[in-house]
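Trainee: Hi, could you walk me through this one? I'd like to go over some side-chain contacts with you.

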Amino acid sequence: TLAMQNGLSPCSKFANIQPIIYLDNGDTWEPRNSGYEKLIGTEITLKQALATSNNWISGWLIKQFTPQSVVKVARNMGVKHFLDPVPAIVLGSADLTLYEMVGAMNTFVNKGVYIEPIFITRIEDKNGNVLETFVPEQNEAMSEETAYLMLSLMKGVVDYGTGIRLKLTYEFDNPIAGKTGTTNNQSDGWFIGLVPNLSTGVWVGAEDRSVHFVDLTRGQGASMALPIWALYMKRNYADEDLNISKEEFEKPETLTINVDCDQEKDEDEKEDDQKKPKLSDEIDF
């Protein structure tokens, strides 16, 4: 989100190499990755990086922006728990509640406006007289354009990234934006999925972090949290009275940044072809 606010786009490219981050105490930190070895050393877009949970690209971003700036963005999105402003915050090192995470992620669907999740909207007596109403806290956390760019980024997670089994295994064919998450030692598995009128988060874990899966295959968020979301959404869509949307996310009337990375790639290749010398330029007659 911070990157989108500062002029980058889902199609912005970074070298996929391990960054070295220098800490205030003189030590260094080198974030590690898991999988996708074939992409090492190539240039990848931010959309690809988020889709594949690429920690190296996140490391490069935190070198450009400060941890304090990340904290500020999170605060605007309703996160109230303590956030330690360290570089590892970029990988999700903070302990946050599912309540906070769903509220924050809902900001993207709500066109940049944070709405505090509440459970009780009003209290009535037995005759239907309203005794009390409750209005959730609201805050404009980001621009509508930034929110839409984030939805574009997170659609890549489901279309071809760590959340692809929503398409392949569970056969969802509607637009879904989402993000998987896995903590150290597979102690926590996360999936938060968004459609235009419903934001839902799933956390799988235990209060005691010594309880965990023994391997990443079974312990990643895509394996233990995403299936719960998928089965839950299947039941939601089966109940037509709920009217859960299968539509595309609404695009802002004015969108200044391109989100079609395939189109951008085609234009780059076309430009490269135009730069190639013609036969008469290559051969000295």
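Trainee: What sits over the ring of Phe-172?
Mentor: The charged end of Lys-234 does, at 4.8 Å from the ring centre. Keep in mind that this is a predicted model.

Trainee: Noted! And what about Tyr-237, which residue lies over its face?
Mentor: That one is Lys-246, placed 4.8 Å from the centre of the Tyr-237 ring.

Trainee: How many aromatic pairs does the count come to?
Mentor: Four aromatic pairs. In one of them, the ring centres of Phe-172 and Trp-229 are 6.0 Å apart and the planes meet at 55 degrees, so we call the pair tilted.

Trainee: Why tilted?
Mentor: Because the label depends on the angle: under 30 degrees would be stacked and over 60 edge-to-face, with the rest tilted. At 55 degrees, the planes of Phe-172 and Trp-229 make a tilted pair.

Trainee: And where do Phe-172 and Trp-229 lie in the chain?
Mentor: Phe-172 is in the loop between α7 (165–168) and β9 (177–182), while Trp-229 belongs to helix α10 (residues 226–238). The pair therefore ties together parts that are 57 residues apart in sequence.

Trainee: Is Phe-172 buried or exposed? Same question for Trp-229, buried or exposed?
Mentor: Phe-172 is buried, with a relative accessible area of 5%. Trp-229 is buried as well, at 1%.

Trainee: Which residues do the ring pairs link into a cluster?
Mentor: Phe-172, Phe-191, Trp-229 and Tyr-237. So you have already met two of its members as a tilted pair, and Lys-246 lies over the face of Tyr-237.

Trainee: Let's change topic. Which cysteines does the disulfide join?
Mentor: Cys-11 and Cys-261, with an S to S distance of 2.3 Å. The count comes to one disulfide. With -95 degrees about the S-S bond, this link is left-handed.

Trainee: Where are Cys-11 and Cys-261?
Mentor: In distant parts of the chain, 250 residues apart. Cys-11 is in the loop between α1 (2–5) and β1 (13–15), and Cys-261 is in helix α11 (residues 261–275).

Trainee: Does Cys-261 count as buried or exposed?
Mentor: Buried, at 17% relative accessibility, because the cut-off for buried is under 20%. Cys-11 is also buried, at 3%.

Trainee: Last one: which residues form the nonpolar patch on the surface?
Mentor: Tyr-99, Ile-118, Phe-119, Ile-120, Ile-123, Leu-131 and Phe-134, with about 710 Å² of accessible area together. Tyr-99 lies in helix α5 (residues 98–109) and is partly exposed, with a relative accessible area of 34%.

Key. Residues numbered from 1 in each chain as written. Predicted model: local features only at pLDDT ≥ 70, side-chain atom pairs only at ≥ 80, totals over all residues. Heavy atoms only, no water. Phe/Tyr/Trp six-rings, centres within 6.5 Å; stacked < 30°, edge-to-face > 60°. Helix = DSSP H or I, 4+ residues; strand = E, 2+ residues; numbered from the N terminus. Buried < 20%, exposed > 50% of the residue type's maximum accessible area, 1.4 Å probe, protein only. Lys NZ or Arg CZ within 6 Å of the ring centre and 35° of its normal. Patch = residues over 30% accessible without salt bridge, like charges linked within 9 Å, V, L, I, M, F, W, Y side chains within 5 Å. Areas by Shrake-Rupley, 256 points an atom, 1.4 Å probe, with all protein chains shown as cover. Salt bridge = Lys/Arg side-chain N within 4 Å of Asp/Glu carboxyl O. Disulfide = S-S within 2.5 Å.
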